[in-house]
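Trainee: I should like to request a close look at one pair of packed helices. Please explain the terms as you proceed.

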Amino acid sequence: MMLSAVVAIASLLATVPASPLVSHLDAGSLFGRTSCGTNTPLSCHNTTKQTNLCCFESPGGSILQTQFWDTDPSTGPTNSWTIHGLWPDHCDNSYSENCDPSRYYSSITDWLTTPQILENAGATDVLSYMQTYWKNDPDDGSDEELWEHEWDTHGTCYSTLEPSCISSSVQGQDAVYFFTRVVNTFQTLNTYNFLSSQGITPSSSTTHTLSSLQSALTAAYGFTPALTCDGSDLNQAAYYFNLQGSLIDGTLLPYNAPSGSSDCPSSGIKYLPKSGSGGGAPTTTSSGSGGGSPTTTSSGSGPTGGSGGSLPSKGTIESSTGTGCLLSYGTWSTQTCATFTYSGSTSAFTMTSSKGKCGVQSGALTCGSGVTSGTFTAVSSGSQLLLAYQGSTSFSADAVPSGETQETVYTGTSYSKTLSLVL
Ligand SMILES: *[C@@H]1O[C@H](CO)[C@@H](O)[C@H](O)[C@H]1NC(C)=O
């Protein structure tokens, strides 16, 4: 009994997303919301009728985090699935939609960037993440339209997000809670990495059986998602959860997709590459991942073994720890390094990656289409040129990356692993 209780608590803890975005939302203090405590039953698992639906999700207690793998046309990064939504299905797999037209908001972007909400919730991080990972099919409309659709159709159906559950005068905060939770949940469900860790990468020729894909995902993640195909092309995944407490800050506990919830042929399934990925190495590249000697693709003025004097026009950014480098979103990883383009001089420059401008948002180094350019300097240290922000060459992260993991890099030394970044 004791042991199983400990294991149960450990697995509960393990399911709380440890994303840096979570820390921006201290739901209890933010909006004067009353915490739900830990004694509420798990959604769909109550044995008596629950009356406080601010702390017990009902009737939508079977929560699906749905993802797209869009290849026609391709959307989002070539090495990541993208967000579809977070749907509160009923416990019997039926569902409600469009639950509260009075809370259909006209611009999710505006809500997330309203200064008041921005200050309180740090939701510009969420927005910039959405701009990269929550993509509409351009034939169906803009990303904003997909976000509005997901909020209107599904977000308004969460009992735990009803305005009466949130004692605040900030209009739209229910949507901020929703979008923040969708992003945080998605960040724990890296389908691309789950599959690649099991040797399954996009290919225009290889075919898979449904059971082999599900086995691979189950081996990598621990639970079985539902898979959906467009014809024989794999194009969606849905991860199932029950919720203890509120969607705002409760615990999502994973469970296996019900049998029959996948909609793919049993064999002959293709996991097609997104256009531009080709399933192989990018065309301009460098391999700075741990182990080998780093190389760069800088154009003549590169820093490789250089004097550390002038700013190169472009190059990779390596960790001073000898492990890994920055990827195009500004995260630290042992995967293939991104190439950054610099503009300015060592005393003040901006930089971009293939994803967009680089800057610092809520303390984190980030590159993307919605990012405001930060001004960086380059500081000579021996033969090296170090990246500096606001005069400091110190950066830190929660952990040293390995394998397919990516770590957010923060300015300053608040996180446990400190590093410098070598241009
Ligand atoms: C669980 O609580 C919900 C919400 O009050 C209720 O509709 C449902 O009947 C309850 N289930 C059981 C088995 O009591």
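Mentor: The following account turns to the packing of two helices after a short introduction. This is a predicted model, in which local features need pLDDT of at least 70, side-chain atom pairs count only at pLDDT 80 or more, and totals for chains, interfaces and linings use all residues. Residues are numbered from 1 along each chain as its sequence is written.

The protein contains nine helices and 20 strands; these are DSSP runs numbered from the N terminus, helices being H or I with at least four residues and strands E with at least two. Two packed helices are described by the angle between their axes and the distance between the axes. Helix α5 spans residues 124-133 and helix α7 residues 173-187; their axes come within 10 Å and cross at roughly 60 degrees. Because of this angle, α5 is oblique to α7 (angles under 35 degrees count as roughly parallel, over 145 as roughly antiparallel, 65 to 115 as roughly perpendicular and the rest as oblique). The axes are lines fitted to C-alpha atoms over the stretch in contact, and angles run from 0 to 180 degrees between N-to-C directions.

The crossing of α5 and α7 is left-handed, meaning that the near helix is turned anticlockwise from the far one by less than a right angle. On the α5 side, Val-126, Tyr-129, Met-130 and Tyr-133 make the contact, and on the α7 side Phe-179, Thr-180, Val-183 and Phe-186 do so (C-beta atoms, placed from the backbone, within 7 Å). By class, this contact has seven nonpolar residues, one polar and no charged; Ala, Val, Leu, Ile, Met, Phe, Trp, Tyr, Cys and Pro count as nonpolar, Asp, Glu, Lys and Arg as charged, and the others, Gly among them, as polar.

Note on methods: Contact = placed C-beta atoms within 7 Å.
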